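Trainee: Before we discuss this model, could you show it to me, so that I can ask how each label is justified?

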Amino acid sequence: MSLEEEIAKRRTFGIISHPDAGKTTLTEKLLLLGGAIQKAGAVKSSKIKDHARSDWMEIEKQRGISVATSVMGFNYKNVKINLLDTPGHQDFAEDTYRTLTAVDSVIMVIDCVKGVEIQTEKLMEVCRMRNTPVICFINKLDRQGRDPFELLDEIEEKLAIKVRPLSWPISMGKTFKGVYSLYEKSLHLFTASKITVEEGIEINDINDPVMESYVGENNARQLRADVELIEGVYPDFDANEYLDGKVAPVFFGSAVNNFGVKELLDTFIRIAPPPIARETTVRLIHPAESRFSGFVFKIHANMDPKHRNRIAFLRICSGKFERGSNYFHVRHNKSVRFSNATAFMAQDRETVDEAWPGDIVGIYDTGNLKIGDTLTEGEKVMYTGIPSFSPEIFKEVINQDAMKTKQLEKGLLQLMEEGVAQLFTYQLGKKKVVGVVGALQFEVIQFRLKNEYGATVEFASQPIYKACWISSKDPKKLAEFIDSKQRHIARDKDDKLVFMAESRAWLQMVQDNFPDISFHFTSEFKD
Ligand code: GDP
């Protein structure tokens, strides 16, 4: 197969949801449909339950599970699907943000009872930054949920994306009858707990009285009224608008009952984008360019202190990846040989000899790679769009064992390279402050520093609201600002200037007082 053909048959995506909306269940049904697993129950939730805070066994187990299910590759109707898992626990949200930089589209799961929840809102913000195409799956229709029109309005309002229903539920909860596919003009009747999936019943004219015989008089009337309203209110589905991330097609179903999942997947493979061109520091790189390139979006460390190897997850963006080849490590400005690469097929890892754009390969690494690194066949370009986001909780690192200062520094550096947290070093006094998205990360850092590096640390809370990357068109103004706010200026891992704002109100005041300074909530920005 040619490079173009390999690219055209690939779909690399992630599922995002608020915990408990049904991401794990949907993943499992997709794998069943793809023949990648044989029975339900095979996919373990990568969730850490709240009661498991501080339970190290649980966290280690989670780390083990998450590497096995990090990338699930399978074939469905001659399409190679790469599903990238995202951690369910919100304390690991940063990991999810980064994974979203490696996908070409997402499926968003929403619980029809709860509607749009906070975690979904945050993840959608990340998708919007890159105009990632989104398909929406409204789940748990076997439960009495909210009115579907109300749910659609809420999605448009809270997630700031237009929607276009492609299927429509007929009743809900105990009286749930099924969905009508507006796309295929067919009726899918709901039967609970089925493993096999039946084809829909074609009903080209929704006014055909045969509808009554399937769903009853009242439901048929309601469906016709709803469909009339939908066709009146929502413009026709425009695939290009979806690809631009402007409109999200919406499906309804019940993942646990394997209902509506096949229609979702069938539509997904038809409309979701194959790998497309990506931006670098120098130029746009097209996947069909013959020269290989890719970037690292995730690093997974071994918890065993005796084996400090890590797996770097490489997203292939162009050309063909071949095991054993030498590739150019742009940040290090040198050529590196990768003899030990693995492909991820649902739940198994196997040695991979070649991989194509859209694929993810795992590379064993002893500390050469970090998140955001680009590998090429020689060209000096770095993929962009893998920013750091401002953390939400900040604490100062206090070394408790002066004899282990070196180990601490090394440990901190490596953990930060893995993306466990972000380190900010103050200009004054060299104070080190760690920023995370969720409090659980502090426990992970403390435990791993001790366990893997022998360093003992405590954390001291810091009254910081946000880390803002700063810039200015006027270098003199920037220097003045730094001078006047010295106590609040730090450097991030790439030595970029960061202003550590103590509160929202204070940040607002500073922004008003220094109109020539730009404040950014992510590390990548355009002035
Ligand atoms: P995740 O946290 O998003 O991965 O959610 P899970 O897939 O673990 O699902 C959370 C809970 O919702 C589990 O108890 C599932 O069995 C249940 N669930 C998933 N899909 C459905 C559905 O369609 N209907 C109902 N009633 N429950 C569901």
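Mentor: Let us start with a loop residue: Lys 185 lies in the loop between β8 (178–181) and β9 (186–189), where strands are DSSP runs (E, at least two residues) and helices likewise (H or I, at least four residues), numbered from the N terminus. This is a predicted model, in which local features need pLDDT of at least 70 and side-chain atom pairs count only at pLDDT 80 or more, whereas totals for chains, interfaces and linings use all residues. Residues are numbered from 1 along each chain as its sequence is written, and side-chain values use heavy atoms, with hydrogens and water left out.

Trainee: Why is Lys 185 called partly exposed?

Mentor: Buried means under 20% relative accessible area and exposed means over 50%, with partly exposed in between (1.4 Å probe, protein chains only). Lys 185 has a relative accessible area of 34%, and therefore it is partly exposed.

Trainee: What makes the phi of Lys 185 worth a remark?

Mentor: Its phi is positive, about 55°, although Lys 185 is not a glycine. Most residues other than glycine have a negative phi. Lys 77, in the loop between β2 (71–76) and β3 (79–84), also has a positive phi, near 45°, and is not a glycine.

Trainee: Why is Lys 77 called exposed?

Mentor: Lys 77 has a relative accessible area of 52%, and so it is exposed, the limit being over 50%.

Trainee: And why is Val 457 called buried?

Mentor: The relative accessible area of Val 457 is 2%, so this residue is buried. Val 457 belongs to strand β27 (residues 457–461), and its C-alpha atom is 5.5 Å from that of Ile 398, although the two residues are 59 apart along the chain.

Trainee: How do you know that Thr 24 makes a polar contact with the ligand?

Mentor: A polar contact is a pair of N or O atoms within 3.5 Å; within protein, one must be able to donate a hydrogen and the other to accept it, and residues adjacent in sequence count only if both atoms are side-chain atoms. A polar side-chain atom of Thr 24 lies 2.5 Å from a ligand oxygen atom, and one of Lys 140 lies 3.2 Å from a ligand oxygen atom. For Arg 143, a side-chain N or O atom is 3.3 Å from a nitrogen atom of the ligand. The ligand taken alone exposes 580 Å², of which the protein buries 78%, the areas coming from the Shrake-Rupley method with a 1.4 Å probe, where for residues only the protein chains shown count as cover.

Trainee: Which residues come nearest to the ligand?

Mentor: Of the 17 residues around the ligand, Asp 20, Lys 23, Thr 24, Thr 25 and Ser 254 come nearest, and a residue is near if one of its heavy atoms lies within 4 Å. Helix α2 (residues 23–33) gives the largest share of this shell, three residues.

Trainee: What makes up the shell by class?

Mentor: The shell has four nonpolar, seven polar and six charged residues. Ala, Val, Leu, Ile, Met, Phe, Trp, Tyr, Cys and Pro count as nonpolar, Asp, Glu, Lys and Arg as charged, and the others, Gly among them, as polar.
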